[in-house]
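Subject: Structure handover

Hello,

I am passing this structure on to you, with notes on what turned up in it. Please look it over before reading further.

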Amino acid sequence: MYSLVYVSKCLLTPDYAGAGIEAIIEVATARNAATGVTGALLYTGARFAQLLEGEKDAVLAIMASIARDPRHGDIVILDQRAASARRFSHWSLVYGHSTFAAGIVERALAAHGHADEYPLRNLIRLLQELAPSAG
Ligand SMILES: Cc1cc2nc3c(=O)[nH]c(=O)nc-3n(C[C@H](O)[C@H](O)[C@H](O)COP(=O)(O)O)c2cc1C
């Protein structure tokens, strides 16, 4: 089991973001389900934050597609590591939109490369709260 967290900047135009994100989720949910990947996607109005988990090869293959996707940019991988268990076992991709979450995403990004893991753990906790009744 492998887990990866990244943050990016949304490049969809504001008036198209709703429909654009719906299209992303439709493709993403199907592909994640087909390859045994689960996770969560948060949109703050400016940035995306996503956690992907599954077999390492499957997670990295999807991440390679995501990294090439012109609908976002400035991708920063905040964390990738072997994981003992899934956090989102019931969710191919749980989605949430929260402008209030922007500060948590920015703090996780600002802490990237520093020893303090608290802002990253806080972001992961926020992503987990998108999934009702955990898992
Ligand atoms: C913010 C964002 C999150 C995405 N999340 C996923 C995902 O979880 N799973 C997935 O298969 N594709 C996801 N995609 C779509 C991929 O970038 C890609 O379009 C899709 O996997 C099809 O792959 P391909 O273009 O290599 O054929 C996401 C795209 C964006 C912009």
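In this predicted model, the ligand is surrounded by 16 residues. The closest of them are R31, N32, Q50, S65 and D69. Sorted by class, the surrounding shell is made up of eight nonpolar, four polar and four charged residues.

Some side chains come within a short list of polar distances to the ligand, as follows.

- Q50: an N or O atom of its side chain is 2.8 Å from an oxygen atom of the ligand.
- S65: a polar atom in its side chain lies 2.8 Å from a ligand oxygen atom.
- R68: a side-chain N or O atom is 3.4 Å from an oxygen atom of the ligand.

As for how far the ligand is covered, it exposes 610 Å² when taken alone, and the protein buries 80% of that area. The space that the ligand takes up is the largest pocket.

Which elements give two or more residues to the shell around the ligand? They are α1 (residues 17-35), β3 (residues 47-54) and α2 (residues 56-68). Of the elements, α1 gives the most, with five residues in the shell. By position, R31 and N32 fall in the range of α1, Q50 in that of β3, and S65 and R68 in that of α2.

On the record side, an unreviewed UniProt entry carries the annotation "domain: BLUF", which covers residues 1-94. Over residues 1-94 the chain is 34% helix and 37% strand. The C-alpha atoms at the two ends of this stretch are 19 Å apart.

One backbone detail is also worth passing on. D74 has a positive phi of about 50°, although this residue is not a glycine. D74 is located in strand β4, which runs over residues 72-82.

To go through the ligand site in the viewer, you could begin with Q50 and S65, each with a side-chain atom 2.8 Å from a ligand oxygen atom, and then turn to α1, which gives five residues to the shell.

Regards

How values were computed:
Residues are numbered from 1 along each chain as its sequence is written. This is a predicted model: local features need pLDDT of at least 70, side-chain atom pairs count only at pLDDT 80 or more; totals for chains, interfaces and linings use all residues. Side-chain values use heavy atoms; hydrogens and water are left out. A residue is near a molecule or strand if one of its heavy atoms lies within 4 Å of it. A polar contact is a pair of N or O atoms within 3.5 Å; within protein, one must be able to donate a hydrogen and the other to accept it, and residues adjacent in sequence count only if both atoms are side-chain atoms. Accessible areas come from the Shrake-Rupley method with a 1.4 Å probe; for residues, only the protein chains shown count as cover. On a 1 Å grid over the protein atoms alone, a cavity is a set of points where a 1.4 Å probe fits but cannot get out, and a pocket is an open set with protein on both sides within 12 Å along at least five of seven lines; lining residues have an atom within 4 Å of a point. A molecule sits in a cavity or pocket if more than half of its atoms lie within 2 Å of its grid points. Helices (H or I, at least four residues) and strands (E, at least two) are DSSP runs, numbered from the N terminus. Ala, Val, Leu, Ile, Met, Phe, Trp, Tyr, Cys and Pro count as nonpolar, Asp, Glu, Lys and Arg as charged, and the others, Gly among them, as polar. UniProt positions are given in the numbering used here, feature names are shortened, and annotations may be inferred rather than shown by experiment.
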